[in-house]
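I keep this notebook to record what I looked up, entry by entry, with the structure open beside me.

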Amino acid sequence: MVNILLLSGGMDSTLIYYIEKNIDEYVFFNYGQKQLKQERNAIKKLNVKYKEIKINKLNYTKNGFIQGRNLTFLIELRELYIDKNIVVFIGSNKDDVFPDNNTKFMKKVESILNASYIKNIKIITPLSNTTKKTISKSLSQVENVSPYWCYSGTDTPCGICKSCKELKKIGEFKKWIQ
Amino acid sequence: MMKDGHAEGENVRVLLISGGVDSLYLYYKYQNVFDKLIFVDYNQPVRENEKKVLDDLQIDYETLILHGLPQEDNGYVWGRNIEIILQLRKLFINKRLVIYLGVNAEDMTRSNTPLFYRKVEDVMNESYTGGIRIVMPLENMNKHDIGIELKKMLPKKITPWSCDVPGEKQCGNCVSCKQGKASEVFNIW
């Protein structure tokens with residue numbers, strides 16, 4: 001069995017990195033995102049050996065939703081570790097609003113993949129009952145950590161994208177850019 | 001390579017057609033419904049036999065190529081059905097996609113049941129905009145009844161291909177042939 005953590009450089013997966021101690025493999029997806037460089041930099045600061053997997057560019061909708069992202073990641077992981085039972089840790093949190101980023105969705109994908117492939121997959125969302133505010137506060141207690149969450153791809157988070165606005169709304173934006 | 005060719009938001013009705021009993025029945029029963037007839041080439045050993053049936057019937061189909069999927073000795077292809085739906089979803093991105101499948105009441109493979117496809121429909125709709133429906137008109141029909149009905153519509157000289165082993169004739173011994181015998185569809189032709 002292989003325990004895999006899906007890293008994005010964002011707050012959720014970075015916090016899981018510090019919480020979960022039994023991870024065997026760290027994986028990062030390059031799907032043509034604007035913020036690729038910044039996400040890579042955030043992960044490099046963790047000083048962890050990770051695999052970067054390049055896939056075809058994914059489509060964005062106007063509200064920042066990335067079509068097929070989590071489903072594609074999970075199928076890619078299933079096929080990458082085709083002959084192994086795998087446990088995938090994903091950073092979905094209590095405040096996530098996109099329909100493909102909650103425990104119910106993950107359970108359905110788990111069931112579909114287990115019906116489709118011989119080896120098993122288990123998808124774990126350790127932060128599904130944790131709010132973004134709590135995640136941000138917990139992570140800010142770790143030294144020298146600098147997650148990247150902004151959709152704009154600017155080195156300093158833009159403050160106007162959906163992700164920045166959500167952090168502002170919960171009063172957790174300023175402390176990360178100082 | 002297959003192309004989309006439809007405007008955003010437009011309905012695209014696709015029949016997955018294989019040259020077997022179920023999908024041929026759907027083709028004849030609902031012939032004017034479909035915008036696209038798609039044959040999936042997943043490197044199955046009998047793809048030429050399957051295509052010959054469609055060619056003999058002069059059916060105008062397009063081919064979705066899906067190579068590289070791991071196959072077991074018994075012919076089971078890992079991840080085939082979820083990959084097919086995913087590729088179609090990506091190909092017709094932002095379209096209202098309706099996929100017709102020839103799943104029947106006797107299909108037992110875990111990744112080829114109505115319950116499986118309903119979950120797939122759910123996760124596709126939660127992952128992509130545009131909307132997708134997976135329609136299985138034969139889910140309550142047994143194989144024998146489908147065979148009897150198809151026989152009435154199919155030209156007499158044509159035999160659907162339902163065997164796992166390539167060759168001039170269907171072997172009668174493989175898993176698919178044995179299932180065909182068990183459901184009494186084998187002897188219709």
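**Strand pairs in chain B**

I began with a bridge between two strands: Tyr100(B) has Val135(B) as its bridge partner in β5(B). I noted that the model is a predicted one, and I kept that in mind for each entry below. I then looked up the strands themselves, and found that β4(B) pairs with strand β5 (residues 132–135) of chain B in the parallel sense, over 4 bridges. I also followed β4(B) to another partner, since strand β1 (residues 11–16) of chain B is joined to strand β4 (residues 96–100) of chain B by 5 bridges, and these two strands run parallel. In that pairing, Val14(B) has Ile99(B) as its bridge partner in β4(B). As background I wrote down that strands of a sheet pair through backbone hydrogen bonds, either parallel or antiparallel.

**The sheet of chain A**

In what order do the strands of the open sheet in chain A stand? I read the order as β3-β2-β1-β4-β5, with 5 strands in the sheet and parallel pairing. I then checked the edges, where β3 (51–54) and β5 (121–124) of chain A each have a single partner strand, so that one side of each is left without a neighbour in the sheet. I noted as well that neighbouring strands of this sheet are turned against each other by 30 degrees on average, when direction is ignored.

I picked out one pair for a separate look: strand β1 (residues 2–7) of chain A pairs with strand β2 (residues 25–30) of chain A in the parallel sense, over 4 bridges. Here Leu5(A) stands opposite Tyr26(A) in β2(A).

**Helix α1 of chain A**

I turned next to helix α1 (residues 11–19) of chain A, which lies across β1 and β4 (86–89) of chain A and runs at about 145 degrees to β1(A). How many of the residues of α1(A) are buried? I found that 7 of its 9 residues are buried, so the helix is largely enclosed by the rest of the structure. I listed the buried ones as Met11(A), Asp12(A), Ser13(A), Thr14(A), Leu15(A), Ile16(A) and Tyr17(A). What covers them includes β1, β4 and α5 of chain A.

Since α5(A) is part of that cover, I looked up how the two helices are placed. The axes of α1(A) and helix α5 (residues 132–140) of chain A come within 10 Å and cross at roughly 50 degrees. That angle makes α1(A) oblique to α5(A), and I recorded the crossing as left-handed. At the contact, Met11(A), Asp12(A), Thr14(A) and Leu15(A) in α1(A) meet Ile135(A), Ser136(A), Ser138(A) and Leu139(A) in α5(A). Sorted by class, this contact has 4 nonpolar, 3 polar and 1 charged residues.

**Where the chains touch**

I then looked at the two chains together, and found 20 residues of chain A in contact with 18 residues of chain B. On the side of chain A that touches chain B, α3 (69–80) and α4 (103–116) of chain A each supply at least two residues. The largest share of that side comes from α4(A), with 7 residues. The residues of this side of chain A divide into 10 nonpolar, 7 polar and 3 charged.

**Three residues in loops**

Is Asn144(A) buried or exposed? I placed Asn144(A) in the loop between α5 and α6 (162–169) of chain A, and with 7 C-beta neighbours inside 10 Å it counts as exposed, because the cut-off for exposed is 12 or fewer. Its phi is near 55 degrees, a positive value in a residue other than glycine. I set beside this the general remark that most residues other than glycine have a negative phi.

Gln58(B) also has a phi near 55 degrees, positive in a residue other than glycine. I found Gln58(B) in the loop between α2 (47–56) and β3 (62–65) of chain B, and with 6 C-beta neighbours inside 10 Å it counts as exposed.

My last entry is on Val165(B), in the loop between α5 (143–153) and α6 (175–182) of chain B. With 17 C-beta neighbours inside 10 Å, Val165(B) counts as partly exposed. Leaving out residues up to four places away in sequence, Val165(B) touches Val46(B), Cys171(B) and Cys174(B). Val165(B) and Val46(B) are 119 residues apart along the chain, yet their C-alpha atoms are separated by 6.2 Å.

Note on methods
Residues are numbered from 1 along each chain as its sequence is written. Chains are lettered from A and ligands numbered from 1 in the order in which they are written. This is a predicted model: local features need pLDDT of at least 70, side-chain atom pairs count only at pLDDT 80 or more; totals for chains, interfaces and linings use all residues. A residue is buried if 20 or more other C-beta atoms lie within 10 Å of its own, exposed if 12 or fewer, and partly exposed in between; C-beta atoms are placed from the backbone. Two residues are in contact if their C-beta atoms, placed from the backbone, lie within 7 Å. Ala, Val, Leu, Ile, Met, Phe, Trp, Tyr, Cys and Pro count as nonpolar, Asp, Glu, Lys and Arg as charged, and the others, Gly among them, as polar. Two strands pair if DSSP finds at least two bridges between them. Axes are lines fitted to C-alpha atoms, for helices over the stretch in contact, and angles run from 0 to 180 degrees between N-to-C directions. Angles under 35 degrees count as roughly parallel, over 145 as roughly antiparallel, 65 to 115 as roughly perpendicular and the rest as oblique. A crossing is left-handed if the near helix is turned anticlockwise from the far one by less than a right angle, and right-handed if clockwise.
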